[in-house]
Amino acid sequence: MMIRLCMVLVAVMFVFVSKISAQSNSEELQEKRGQKVLRKLEELLEVKELLDLLKEDSNDMNDEQDNKRTEETIELGTSEELDEERRDYSTDYDCAHRDHPDYGCVGKCIATSKCPGNHYISNLCPNKPADVKCCFTANSDSQCTSGFSDGHCIATSQCPNNDYVSNYCPTKPPGVKCCRSKPTDTCPNDGCGSSLKTKACNVKSNSNIRLRDNNSVFNSKGNNDGADATSNIADMCNGKKSKRSSYDCVISGVTVPTPGGWVCIQAKVLDYLIALANDGHDILVNTITGACHSKTSKHYSGLAVDIQKESSASNYQAWMTKCTSMGGTAYGPGDAGHANHVHCHFP
Ligand SMILES: [Zn+2]
């Protein structure tokens, strides 16, 4: 009996001890688990902090980019993006250089459904979708192309023998009318004469003058459109004309088309840039004949230039004075839309 009791006691004690040890084991385990969870949490917190830091950085960068973009957009005071139509508006080389017997070098790669009068030629836009062809009346209103079999909207100064009709190009600037003859001065290789060519090469090689090389900073449609300041000066220096952009811009909520085609940058504009550089100013040329400007802008006639500071020195007043002293008209800080650049044009 005694032995039995002892055995029961031992058994009870064994159960009790093992329970306690199990309990302490599980406590240990729980503690270990707790510590593990804490460590994991700490790790997660560190990661989160890191992520927050990264996020702040990228926010800063975005802010900077946004600020820059806004500044530049406001700077020109002209261009806004048409986000719904993000496609490549640049025209293939063969199309831009084809001298059409009726229309000259005014071809643009656009959807055939958007080509007024269907005056397009196939196989000149090899890098574009199948429905995009080289249209020679892209800058014309349908009233003009349907009213006259060979009508197209172009500047009256480019229409030989004043062979134009009024009121058939209602969406175009006043100087653009419905012309029924092949226009003059449309091909880039017609050139602008040796004097302008030399001046353009002087601008190109001047170390005080930097030229923007992509109009995308002003408008997404301007991406590599060949009408940026670098291309304008390079084309002129190579004996060609300077390209104008060809897409619809939105200015203060109003859609304004750019004229497309080619034009000579006039001597006064090139002389002005060289004069500023010779005076020791570091300048950044935003636009010359390309990008978005108002409908009747002198930029499209090769008579205007937009410049901004390259270094931190504020020279805007001096640049404006120089412009007027050379017979031009200047807009700059204080004038609407010109807070961060100077526009100078000549008559
Ligand atoms: Zn301007």
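**Exercise 1. Place Asn-123 in the chain and decide whether it is buried or exposed.**

Step 1. Asn-123 sits in the loop that runs between strand 2 and strand 3. Helices (H or I, at least four residues) and strands (E, at least two) are DSSP runs, numbered from the N terminus. Residues are numbered from 1 along each chain as its sequence is written. The model is predicted: local features need pLDDT of at least 70, side-chain atom pairs count only at pLDDT 80 or more, and totals for chains, interfaces and linings use all residues.

Step 2. Apply the cut-offs. A residue is buried if 20 or more other C-beta atoms lie within 10 Å of its own, exposed if 12 or fewer, and partly exposed in between; C-beta atoms are placed from the backbone.

Step 3. Asn-123 has 9 other C-beta atoms within 10 Å, so Asn-123 is exposed.

Step 4. Check the backbone. Asn-123 is not a glycine, yet its phi is positive, about 65°.

**Exercise 2. Do the same for Ala-291: buried or exposed?**

Step 1. Ala-291 belongs to the loop between strand 12 and strand 13 (304-309).

Step 2. Ala-291 has 30 other C-beta atoms within 10 Å, so Ala-291 is buried.

Step 3. The phi of Ala-291 is positive, near 70°, in a residue other than glycine.

**Exercise 3. Work out the order of the strands in the sheet that holds strands 1, 2 and 3.**

Step 1. Strands pair if DSSP finds at least two bridges between them. Strands of a sheet pair through backbone hydrogen bonds, either parallel or antiparallel.

Step 2. The three strands form an open sheet in the order 1-3-2, with antiparallel pairing. Its edge strands are strand 1 (108-111) and strand 2 (120-121), each pairing on one side only.

Step 3. Look at one pair. Strand 1 and strand 3 (residues 132-135) are joined by four bridges, in the antiparallel sense. Ala-111 stands opposite Val-132 of strand 3.

**Exercise 4. Find what surrounds Thr-156.**

Step 1. Thr-156 lies in the loop between strand 4 (152-155) and strand 5 (164-165).

Step 2. Thr-156 has 16 C-beta neighbours inside 10 Å, so Thr-156 counts as partly exposed.

Step 3. List the contacts. Two residues are in contact if their C-beta atoms, placed from the backbone, lie within 7 Å. Leaving aside neighbours within four places in sequence, Thr-156 touches Tyr-164, Gly-175 and Lys-177.

Step 4. Add the pairing of the strands. Strand 4 pairs with strand 6 (residues 176-179) in the antiparallel sense over four bridges. Here Ala-155 faces Val-176. Strand 5 also pairs with strand 6 in the antiparallel sense, over two bridges. The bridge partner of Tyr-164 in strand 6 is Cys-179.

**Exercise 5. Describe how helix 4 packs on helix 6.**

Step 1. Two packed helices are described by the angle between their axes and the distance between the axes. Axes are lines fitted to C-alpha atoms, for helices over the stretch in contact, and angles run from 0 to 180 degrees between N-to-C directions.

Step 2. Helix 4 and helix 6 pack at about 30°, with axes 10 Å apart.

Step 3. Angles under 35 degrees count as roughly parallel, over 145 as roughly antiparallel, 65 to 115 as roughly perpendicular and the rest as oblique. Helix 4 and helix 6 are therefore roughly parallel to each other.

Step 4. The crossing is left-handed. A crossing is left-handed if the near helix is turned anticlockwise from the far one by less than a right angle, and right-handed if clockwise.

Step 5. Among the residues in this contact are Leu-196 and Val-203 of helix 4, and Leu-270 and Ile-274 of helix 6. By class, the contact has seven nonpolar, two polar and two charged residues. Ala, Val, Leu, Ile, Met, Phe, Trp, Tyr, Cys and Pro count as nonpolar, Asp, Glu, Lys and Arg as charged, and the others, Gly among them, as polar.

**Exercise 6. Describe how helix 6 packs on helix 7.**

Step 1. Helix 6 (residues 267-278) and helix 7 (residues 316-325) pack at about 135°, with axes 11 Å apart. That makes helix 6 oblique to helix 7.

Step 2. The crossing of helix 6 and helix 7 is right-handed.

Step 3. Tyr-272, Ala-275 and Leu-276 of helix 6 meet Trp-319, Lys-322 and Cys-323 of helix 7. This contact holds five nonpolar residues, no polar ones and one charged residue.
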